[in-house]
Amino acid sequence: MGTDGSKHSTRSVISALVGNTLVLFAKILAFGLTGGLGAGSSAMFAEIWHSVGDVSSQAFLLLGIHRANKKPDETFALGYGKE
């Protein structure tokens, strides 16, 4: 993928990361308002971990985009696109 597509991909992943992070904080707040660890909603607690997974996925995608854009060198003469 060219640099133009990479910029769009990065922008999309960052947007999703920001959105998922906001959702994560909203779910943490909702869990706290329902009683927290003492008597909180078990469904909301599960949703927090679901959002943690979403945020982690976006972080790994950003790492992959960053590593794939590395320039070719002696070890990888064709570049790191498949990494």
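Which residues does isoleucine 48 touch, not counting residues up to four places away in sequence? Select isoleucine 48 in this predicted model and display its surroundings. The residues in contact with isoleucine 48, leaving aside those up to four places away in sequence, are Leu24, Lys27, Ile28 and Phe31.

**The nonpolar core**

Next, select Leu17, Leu24, Phe31, Ile48 and Val55 together. These five residues constitute the largest nonpolar core. Two elements, helix 1 and helix 3, each give two or more residues to this core. Helix 1 gives the most, with three residues. Two members of the core, Leu24 and Phe31, are also among the residues that isoleucine 48 touches.

**The aromatic cluster**

Keep Phe31 selected and add Phe45 and Trp49. Ring pairs join Phe31, Phe45 and Trp49 into a cluster, and the count of aromatic pairs comes to two. Begin with phenylalanine 31 and phenylalanine 45, whose rings form a tilted pair, 5.4 Å from centre to centre with 40 degrees between the planes. Phenylalanine 31 belongs to helix 1 (residues 3-33) and phenylalanine 45 to helix 3 (residues 42-68), so this pair ties together parts that are 14 residues apart in sequence.

Now move to phenylalanine 45 and tryptophan 49. Their aromatic pair is edge-to-face, with 6.4 Å from centre to centre and 80 degrees between the planes. Both residues lie in helix 3, where four residues, about one turn of the helix, separate phenylalanine 45 from tryptophan 49.

Colouring the three residues by relative accessibility is a useful next step. Is phenylalanine 31 buried or exposed? Phenylalanine 31 counts as buried because its relative accessibility is 10%, and buried means under 20%. Phenylalanine 45, at 37%, counts as partly exposed. Tryptophan 49 counts as exposed because its relative accessibility is 53%, and the cut-off for exposed is over 50%.

**Isoleucine 65 and threonine 10**

For the last stop, select isoleucine 65, which is also located in helix 3. Isoleucine 65 has a relative accessible area of 19% and is therefore buried, since the cut-off for buried is under 20%. Add threonine 10 to the selection and draw a line between the two C-alpha atoms. How far apart in space are isoleucine 65 and threonine 10, C-alpha to C-alpha? The distance is 7.1 Å, although isoleucine 65 and threonine 10 are 55 residues apart in sequence.

Technical notes
Residues are numbered from 1 along each chain as its sequence is written. This is a predicted model: local features need pLDDT of at least 70, side-chain atom pairs count only at pLDDT 80 or more; totals for chains, interfaces and linings use all residues. Side-chain values use heavy atoms; hydrogens and water are left out. Rings of Phe, Tyr and Trp (its six-membered ring) pair if their centres lie within 6.5 Å; planes under 30 degrees apart count as stacked, over 60 as edge-to-face and the rest as tilted. Buried means under 20% relative accessible area, exposed over 50%, partly exposed in between (1.4 Å probe, protein chains only). A nonpolar core is a set of buried Ala, Val, Leu, Ile, Met, Phe, Trp, Tyr and Cys residues joined through side-chain atoms within 4.5 Å. Contact means heavy atoms within 4.5 Å.
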